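Reader: I'm new to this and would like to walk through a protein model with you. Can we take it one question at a time?

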Amino acid sequence: MKTRILPVVFFIAFLLIYPLPGDAEEIIPVLKEEENRVASALDKYLEEQVQSLNIDSLDRYLRELEREVGYYMPSLSWSQVWENLRRGELPVHPTELIEGLGRYFLRELWAGVKLLSQLVILAVAAAVLQNLQASLGGSAGRLAHGIVFLALAGMALASFTLALQSAGQAIDRMVSFFQSLLPMLVTLLAASGGLTSSSLLHPVLLYSLTIANTLTRNTIFPLIYCGAVLGVVGQISDRFQIGRLAGLLRQLSLALLSLMLTVFTGVLSVYGIAGSVVDGVGLKTAEFATSTFVPVVGKILSDAVTTVAGTTLLLKSAVGLSGVIVISFLAAFPMIKIVSLALIFRVAAALVQPFGEDRLSDALEGMGGALLLIFACLIAVALMFYLAIGVVVLLGNVVVALRG
């Protein structure tokens, strides 16, 4: 009897493990049809989210950038960024980006050649007047040399002021853009499950970045400007030495910049960690309660919520990446302008020194250093915006990860 039952048991087990080819051919199309239906439903959900987010403000900044510096940057639009990310491709080709920024840098250098030639010609005139000082008489020679020095310093300060205004306008535009981007990011963070994080980070990011902008525009930039002006004034006469005061102002501006960046990073870390932990624990508890206490469909309901939250992460990443691209372009072109002008000042200082104008060379060298300080401020402010966008985007991923 036992010998007859064993082959039957093995046959039934074989059928369970290896279903007949006819059954597989019937099941696979059904699974594919179900997969396509779910993918179509998720695509429709994503399109509805895009329509409800009011992406027009983000697209408007991209079009403005293309209108202003479109010759130096690749063509960009929200629809292009979104489609590239859905296909798993980069929205901006790195080679085109580097070539465009390189062309803009060369254009700024060519524009600065005129300033460089004027500085060198005036420096030569000052050197000639200094050599003819004995024949013109002591006071007349010093007066002529002083007039040429002031004219040359005035030209340099005018260019320095334009660079400072360009940096200030770039920071204002970054703040304005971030104020329009933040509601979209916070809404998507809340949709992906980060309710506590979104409620904590929205006011913190808004106020901290506004305060940083005000501190940079109204305190750090004036300190750098005063330091540069005092550095030039200190080179006019040997009897009036204020070089250490100019150095003190530059060091004070650097200390304020470092303090601002440190405080912002610390506040962002504390609020981000606290919000993500609370959201992760709360959603894990809600998922467990739904799976346990809702009969029959509880597990299906919790899995559906997780899937929808995952699709929201894709949209949030696309919006965050578009924000990073806009912030990068808003900061990159003023940075290139400032760096090219600093390079012009350094080259002018090197060319002027052989004519015996050490004080003028030191003044130009100091102004080039002050421009690099403004460049550092712009990098620090852009870094704060990168951190803000990155934390909001990554917090949604952390919340979903804590669910698992």
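Reader: Which charged end sits over the ring of Tyr71?
Author: Keep in mind that this is a predicted model. Look at the centre of the Tyr71 ring and go 5.0 Å out from there. The charged end you reach, sitting over the ring, belongs to Arg103.

Reader: Is Tyr71 buried or exposed?
Author: Exposed takes over 50% relative accessible area. Tyr71 comes in at 59%, so we call this residue exposed.

Reader: What kind of aromatic pair do Tyr71 and Tyr72 form?
Author: Two things describe a ring pair: the distance of the centres and the angle of the planes. For Tyr71 and Tyr72 the centres are 5.0 Å apart and the planes make an angle of 85°. Planes over 60 degrees apart get their own label, so this pair is edge-to-face.

Reader: How many residues apart are Tyr61 and Phe177?
Author: Their ring centres are 4.9 Å apart, with the planes at 70°. Along the chain, though, they're distant: Tyr61 is in helix α3 and Phe177 in helix α7. The separation is 116 residues.

Reader: Is Phe177 buried or exposed?
Author: The cut-off for buried is under 20% relative accessible area. Phe177 has just 1%, so Phe177 is buried.

Reader: Which helix gives the largest share of the largest nonpolar core?
Author: This core has 95 residues, and Met174 and Leu364 touch the most other members. Several helices supply at least two residues each, including α3, α8 and α11. The largest share is 22 residues, and it comes from α7.

Notes:
Residues numbered from 1 in each chain as written. Predicted model: local features only at pLDDT ≥ 70, side-chain atom pairs only at ≥ 80, totals over all residues. Heavy atoms only, no water. Core = buried A, V, L, I, M, F, W, Y, C linked by side-chain atoms within 4.5 Å. Buried < 20%, exposed > 50% of the residue type's maximum accessible area, 1.4 Å probe, protein only. Helix = DSSP H or I, 4+ residues; strand = E, 2+ residues; numbered from the N terminus. Phe/Tyr/Trp six-rings, centres within 6.5 Å; stacked < 30°, edge-to-face > 60°. Lys NZ or Arg CZ within 6 Å of the ring centre and 35° of its normal.
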